[in-house]
Amino acid sequence: MIIKEGYFADDGTEIDQTTVPIPTLCLSCLKNNDSTEEVPCMITRMDQMKDVKKGE
């Protein structure tokens with residue numbers, strides 16, 4: 001069994017993390033460049049991708 005690493009949508013498709021937009025609020029966050037917060041931040045950003053792309 002091969003285990004893939006990375007981020008995946010609920011349907012199992014792999015998400016390229018370079019395509020996940022970073023909301024303006026994240027840029028000013030103190031945790032933005034904290035490597036220990038990378039996974040929770042990316043999961044939150046992926047969850048909000050549709051809203052960010054709409055400009056909300």
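Biologist: I am new to this structure, so let me start with a single residue: in which helix does M49 lie?

Modeller: M49 belongs to helix α3, which covers residues 49-54. Please keep in mind throughout that we are reading a predicted model.

Biologist: How should I place that helix within the chain as a whole, and how many helices and strands are there?

Modeller: The chain holds 3 helices and 2 strands, and, reading from the N terminus, the elements follow the order β-β-α-α-α. Along its principal axes, the C-alpha trace spans about 40 × 30 × 15 Å.

Biologist: Returning to M49, is this residue buried or exposed?

Modeller: The general idea is to compare the relative accessible area with a cut-off, and buried means under 20%. M49 has a relative accessibility of 16%, and therefore it counts as buried. Across the chain, buried residues make up 16% of the 56 residues.

Biologist: Which residues is M49 in contact with, once its neighbours within four places in sequence are left aside?

Modeller: With those neighbours left aside, M49 is in contact with V20 and P21. The C-alpha atoms of M49 and V20 are 6.6 Å apart in space, although 29 residues separate the two in sequence. For the chain, if we take contacts with a separation of 6 or more, 48% of them are between residues 24 or more positions apart.

Biologist: What does R45 show when it is read in the same manner, and where does R45 lie?

Modeller: R45 lies in helix α2, and it counts as buried because its relative accessibility is 11%. Leaving aside its neighbours within four places in sequence, R45 is in contact with V20, P21, I22, P23, C26 and N32. As for C26, its C-alpha atom is separated by 8.9 Å from that of R45, with their positions 19 residues apart along the chain.

Biologist: Now for the empty space: what is the volume of the largest pocket, and which residues line it?

Modeller: Rolling a probe the size of a water molecule over the atoms reveals where empty space remains. Here the largest pocket has a volume of about 250 Å³, and its lining consists of F8, A9, D10, T13, I15, I43, M46, D47, M49 and K50. The elements that give two or more residues to this lining are α2, residues 38-47, and α3, with α2 giving the most, namely 3 residues. By type, the lining divides into 6 nonpolar, 1 polar and 3 charged residues.

Biologist: Why is C29 not bonded to C41, the cysteine with the closest sulfur?

Modeller: The general idea is to look at the distance between sulfur atoms, since a disulfide requires a pair within 2.5 Å. The sulfur of C29 is 6.0 Å from that of C41, which is too far for a bond. C41 is likewise in no disulfide, and the count comes to 0 disulfides. C29 has a relative accessible area of 37%, so it is partly exposed.

Biologist: Finally, how would you read a residue such as D16, and in which loop does it lie?

Modeller: D16 lies in the loop between β2, residues 14-15, and α1, residues 24-27. Its relative accessible area is 43%, which means that D16 is partly exposed. The side chains of D16 and T18 are joined by a polar contact of 2.8 Å. D16 and K53, which stand 37 residues apart in sequence, have C-alpha atoms 15 Å apart in space.

Terms used:
Residues are numbered from 1 along each chain as its sequence is written. This is a predicted model: local features need pLDDT of at least 70, side-chain atom pairs count only at pLDDT 80 or more; totals for chains, interfaces and linings use all residues. Side-chain values use heavy atoms; hydrogens and water are left out. Helices (H or I, at least four residues) and strands (E, at least two) are DSSP runs, numbered from the N terminus. Buried means under 20% relative accessible area, exposed over 50%, partly exposed in between (1.4 Å probe, protein chains only). Contact means heavy atoms within 4.5 Å. A polar contact is a pair of N or O atoms within 3.5 Å; within protein, one must be able to donate a hydrogen and the other to accept it, and residues adjacent in sequence count only if both atoms are side-chain atoms. On a 1 Å grid over the protein atoms alone, a cavity is a set of points where a 1.4 Å probe fits but cannot get out, and a pocket is an open set with protein on both sides within 12 Å along at least five of seven lines; lining residues have an atom within 4 Å of a point. Grid points are joined across faces, edges and corners, and a volume is the space filled by probe spheres set on the points. Ala, Val, Leu, Ile, Met, Phe, Trp, Tyr, Cys and Pro count as nonpolar, Asp, Glu, Lys and Arg as charged, and the others, Gly among them, as polar.
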